[in-house]
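Me: I have a new model on my screen. Please show me how to read it.

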Amino acid sequence: MSDLLQRVRDVLPSVRADLEDLVRIESVWADPARRPEVQRSAEAVSKLLSDAGFGDVRIVAEGGAPAVIAHHPAPEGAPTVLLYAHHDVQPEGDPEQWETAPFEPTERDGRLYGRGTADDKAGIATHLAAFRAHDGNPPVGVTVFVEGEEESGSPSLSRLLAAHRDALAADVIVIADSDNWSTDIPSLTVSLRGLADCVVEVATLDHGLHSGMWGGVVPDALTVLVRLLASLHDDEGNVAVDGLHEPDAADREFPEYTPERVRADTGLLDGVREIGSGSVAQRLWAKPAVTVIGIDTTPIVRSSNTLIPRARAKISMRVAPGGDAATHLAALTRHLQSRAPWGADVTVSPGDLGEPYAIDATGPVYDAARQAFREAWGHDAVDTGVGGSIPFIAEFAAAFPDAKILVTGVEDPDTQAHSINESLHLGVLERAATAEALLLARLGSSDGQVAP
């Protein structure tokens, strides 16, 4: 094992160089103008995997973004491990808000800044490092699956899994797209919330009216929308939508966040209080949440003394593990349609759905993973949940029900994934790559406990 640790250190400089090259590719699938860049990114990933020693490497697509599948066969009697990451990234937003160019990787204070440095091109780098550390010949079968549209909700993933089921079949699935408790303490993600979103539109008039002539008599749509959105929470900030799933005592398995950590990790302003009741872990990982993420109405620069006839908002709901995304969207729709102030017209247009997932992280595979974390990080892994959603995990579980799923990652509380100044802690990359290399070694050990 000590030799393996040294080999990880030996390959990291080349892995980092490859990661920086990938970050320079603006692989934003959500931007149609940059979809050729996504293709170029897939080709770059394919070449990296071929050069690493994978004999069977393919770029595939099923009506969506290009994905890469690479396969190294398992020795006789050994399990096959599927290593997942994605090569598409979020749009960068306003480049002027970045301290450095978003697609030019830049190191500062032990962190590598740039869009995709962590989410999730560092996942690709982790897999490359683990495979190279084994000199391209690990004691298990290895399949690498690098998706190209995760940041757009993975709309073609189900078709990819169906069309390439045999190529993707595995005994263990390692998904490198999650967080760690800190830069010094790893996490094993065992709980993931699902997603349901919609757009609600309210209408009160067939045209705008002079607010001085009719204000106080007929309602404007924006006031109606504000009151309707306010009904989604009670005075403490708990979700006030009936019919949502909430597990009992869901925080018992998880560590607790201190108020100081919440404020530090989130940038909560002085004087602003937390919302909701129950522990932070329960509210963040195991209770439903509702957020208004966008509003369409008259911008201030174009405003006039006019009663607004129509306004709309996008609402994002997180679904607690054990709940059903479609059922929750139906409950949210009923709530919005039944609480229209002053009889306003309310139209709800359904959006994306993603199922939550809870992992039973017990047994030989998880024991091997925990030991690998302990050796690589010098700390035991903390079992955590994910407050956001990674809906494709439920799709993997449905496609390969007998596989054990490990959700890991290279992010930490300061990564700022999806935000400006996204960054990767280079020490975390080394520890994550070391843990994965050790895991492959342990899964291929001669005791046969995790063999297929």
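Reply: We go from the overall fold to the domains.
This is a predicted model: local features need pLDDT of at least 70, side-chain atom pairs count only at pLDDT 80 or more, and totals for chains, interfaces and linings use all residues. Residues are numbered from 1 along each chain as its sequence is written, and side-chain values use heavy atoms, without hydrogens and water.

Me: How many helices and strands does the protein have?
Reply: Helices (H or I, at least four residues) and strands (E, at least two) are DSSP runs, numbered from the N terminus. The protein has 13 helices and 17 strands.

Me: Why is the protein called as compact as a globular protein of its length?
Reply: The radius of gyration is taken over C-alpha atoms; the globule rule is 2.2 Å times the number of residues to the power 0.38. The protein's radius is 24 Å and the rule gives 22 Å for 452 residues; these are close, so the protein is as compact as a globular protein of that length. Its C-alpha trace spans about 80 × 45 × 45 Å along the principal axes.

Me: What percentage of the residues is buried?
Reply: Buried means under 20% relative accessible area, exposed over 50%, partly exposed in between (1.4 Å probe, protein chains only). Of the 452 residues, 52% are buried.

Me: Which stretches make up each domain?
Reply: Domain bounds come from an automatic or database domain assignment. Domain 1 covers 1–192 + 356–444, and domain 2 covers 194–264 + 278–354. Their centres, over C-alpha atoms, are 33 Å apart.

Me: How many residues of each domain are in contact with the other?
Reply: Contact means heavy atoms within 4.5 Å. Here 17 residues of domain 1 are in contact with 17 residues of domain 2.
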